[in-house]
Amino acid sequence: MSDPRPWIYGTDHDDPDPRTRTPGHVYVELIGGPLDGQLLDVTSYTPEDRADGALLISNHGVYGPGGRSDYVPSDSDPDRWTWNGDTA
């Protein structure tokens with residue numbers, strides 16, 4: 001049976017439990033693109049950082065390993081960030 005909890009972006013590939021949220025941390029859900037469905041820990045982000053979104057490393061984007069996927073806050077739900085494309 002597969003685990004229904006979303007993967008936490010940035011966990012190590014050999015992490016024994018890459019789906020466990022850290023208590024007290026704040027997460028946003030990534031929507032669309034190569035990181036669709038993953039959670040991003042934004043606890044340390046300032047309000048300005050959260051407004052800007054993030055360029056996240058993704059091995060599965062258009063540019064392959066080392067490429068970045070651009071995620072920006074959704075206009076309708078700040079707890080969901082939508083894919084805005086990939087960059088090298």
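**A five-strand mixed sheet and its surroundings**

At a relative accessibility of 1%, Trp 81 counts as buried, because the limit for that class is under 20% relative accessible area. The model is a predicted one, and Trp 81 is a convenient place to enter it. Trp 81 forms an aromatic pair with Tyr 45, with the ring centres 6.0 Å apart and 55° between the planes, and the pair is tilted. The angle is classed this way because planes under 30 degrees apart would count as stacked and planes over 60 as edge-to-face. The count of aromatic pairs comes to one.

The two partners come from distant parts of the chain, 36 residues apart: Trp 81 belongs to strand S5, while Tyr 45 sits in the loop between strand S2 (39–41) and helix H1 (47–52). Tyr 45 has a relative accessible area of 24% and is therefore partly exposed, whereas Trp 81 is buried at 1%.

Strand S5 leads on to the sheet. Five strands make up an open sheet with mixed pairing, and their order is S2-S1-S5-S4-S3. S2 and strand S3 (54–58) are at the edges; each has a single partner strand, so one side of each lacks a neighbour in the sheet. From one strand to the next the twist averages 40°. In general, strands of a sheet pair through backbone hydrogen bonds, either parallel or antiparallel.

Both senses of pairing are found at S5. With strand S1 (residues 27–31), S5 (residues 80–87) pairs in the parallel sense over three bridges, and Glu 29 stands opposite Arg 80 of S5. With strand S4 (residues 67–73), S5 pairs in the antiparallel sense over five bridges. Here Tyr 71 stands opposite Trp 83 of S5. S4 and S5 are joined by a hairpin through six residues.

On the way to the edge strand S3, the pairing with S4 is antiparallel and has five bridges. Tyr 71 appears again as the bridge partner of Ala 54, and the bridge partner of Leu 55 in S4 is Asp 70. In a regular strand the side chains alternate between the two faces of the sheet. S3 has a covered face made of Ala 54, Leu 56 and Ser 58, and an uncovered face made of Leu 55 and Ile 57.

Helix H1 includes Ala 51. With a relative accessibility of 57%, Ala 51 counts as exposed, because the class begins over 50%. Ala 51 and Thr 22 are 29 residues apart in sequence, and their C-alpha atoms are 22 Å apart in space.

The last feature is the largest pocket, which holds about 260 Å³ of space. It is lined by 14 residues, of which Tyr 9, Leu 35, Gln 38, Ile 57 and Asn 59 are the closest to the centre. Ile 57 in this group is also one of the residues on the uncovered face of S3. By class, the lining of the largest pocket has six nonpolar residues, seven polar and one charged.

Terms used:
Residues numbered from 1 in each chain as written. Predicted model: local features only at pLDDT ≥ 70, side-chain atom pairs only at ≥ 80, totals over all residues. Heavy atoms only, no water. 1 Å grid on protein atoms, 1.4 Å probe; cavity = no way out; pocket = protein on both sides within 12 Å on 5 of 7 lines; lining within 4 Å. Points joined across faces, edges and corners; volume = space filled by probe spheres on them. Nonpolar A, V, L, I, M, F, W, Y, C, P; charged D, E, K, R; others polar. Pairing = 2+ DSSP bridges. Helix = DSSP H or I, 4+ residues; strand = E, 2+ residues; numbered from the N terminus. Phe/Tyr/Trp six-rings, centres within 6.5 Å; stacked < 30°, edge-to-face > 60°. Buried < 20%, exposed > 50% of the residue type's maximum accessible area, 1.4 Å probe, protein only. Axes fitted to C-alpha atoms, helices over the stretch in contact; angles between N-to-C directions.
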